[in-house]
Amino acid sequence: MARGVAEMSVGLAVACAGASVWLAGERNPAARRARQLFAGGGSARGGPPGWRRLPGRLRFLRGRVRAEWWAPVAGLVLAALGASVLPVLLGAAGVPLLRRVRLAGRARRDRERRGDAVIAFCAFLSGEVRAGRQPGEALLRAARDCGGLGDAQATVLAAARFGGDVPGALTAAARQPGAEGLRGLAACWRVAVDQGAGLADGLDRLTAALRSERDQRSDLRAQLAGARATAVMLAGLPALGLLIGTALGADPLHILLHTPAGLGCLAAGGLLEGLGLWWVLRIVRGAEEAT
């Protein structure tokens with residue numbers, strides 16, 4: 001047992017040293033230059049060709065392997081260490097949950113990018129109108145040079161080019177997540193066309209309102225970052241407890257996976273931790289949606 005603990009301690013020390021060297025290399029220009037040379041990005045000719053291609057292969061692997069597939073890998077490692085098939089089952093069960101988290105994060109980033117594109121589009125359109133262009137011509141130029149209409153760009157451009165219902169097309173485009181600001185653009189367009197009001201002034205006010213709303217969401221997200229970090233830290237405490245127990249000479253994996261009391265503690269702890277994470281994330285999500 002002492003030999004196993006010593007080997008595990010040495011392995012942890014080597015892993016920590018490797019991580020420290022890697023992080024130091026990220027901040028060291030010379031180290032980054034050396035990695036570029038080994039990857040074939042420089043003029044150095046030393047080293048085997050396979051070694052020079054290794055960083056590119058690692059990047060390819062990182063881009064191909066999704067984050068959720070590390071859950072069954074971790075389950076296989078714990079199954080080998082604890083001589084039990086239960087970690088494999090838990091790792092496989094975590095794949096759809098992690099996939100859902102990853103897709104939710106991607107959808108949130110897409111929504112934010114679309115919102116920024118709508119703000120830039122409204123600001124560009126206002127500048128074109130103030131420069132003396134007609135609204136339809138300004139809309140076509142803004143869509144061509146700035147984008148921001150997303151998947152409905154062809155419909156909006158067709159309506160602007162052939163005298164169609166531009167406000168209706170903009171309202172339909174606003175159904176995309178993050179493009180809700182196009183409803184305000186549709187209202188400004190309808191008022192400007194029907195009542196002869198200044199389109200540029202309305203676009204300026206709309207752009208300022210959208211920017212203020214975006215800044216408010218960013219400030220709120222920054223304030224909630226502490227709560228998210230606390231939830232992640234609390235989620236990692238059980239793993240830290242397992243490492244500490246192993247370093248002290250105990251065998252926590254055997255107790256958790258091969259004894260009735262350990263299985264009961266594992267089930268109760270997993271349930272309580274899952275409920276805690278769900279509750280914290282629900283509070284954070286509710287605060288974000290309230291803005």
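This report covers model confidence, the nonpolar core and two helix pairs.

## Model and confidence

The structure is a predicted model, in which local features need pLDDT of at least 70, side-chain atom pairs count only at pLDDT 80 or more, and totals for chains, interfaces and linings use all residues. Residues are numbered from 1 along each chain as its sequence is written, and side-chain values use heavy atoms, without hydrogens and water.

The protein chain has a mean pLDDT (the predictor's confidence in each residue, from 0 to 100) of 75, and 75% of its residues reach 70 or more. Residues 1-51 have pLDDT below 50, with 29 contacts (heavy atoms within 4.5 Å) beyond near neighbours in sequence. Where pLDDT is low, the predicted coordinates should not be read in detail.

## Nonpolar core

The largest nonpolar core (buried Ala, Val, Leu, Ile, Met, Phe, Trp, Tyr and Cys residues joined through side-chain atoms within 4.5 Å; buried is under 20% relative accessible area, 1.4 Å probe, protein chains only) has 33 residues. Phe 121, Leu 125, Leu 139, Leu 182 and Leu 185 touch the most other members. Helices (DSSP runs of H or I, at least four residues) that each supply at least two core residues include α6 (86-130), α10 (181-195) and α11 (199-247).

Leaving aside residues up to four places away in sequence, Leu 125 touches Ala 138, Leu 139, Ala 142, Leu 185 and Leu 203.

## Helix pairs

The axes (lines fitted to C-alpha atoms over the stretch in contact, with angles from 0 to 180 degrees between N-to-C directions) of α8 and α9 come within 9 Å and cross at roughly 175°. The two helices are therefore roughly antiparallel (over 145 degrees).

α11 and α13 (residues 260-289) pack at about 175°, with axes 10 Å apart, and are therefore also roughly antiparallel.

Conventions: Buried means under 20% relative accessible area, exposed over 50%, partly exposed in between (1.4 Å probe, protein chains only). Angles under 35 degrees count as roughly parallel, over 145 as roughly antiparallel, 65 to 115 as roughly perpendicular and the rest as oblique.
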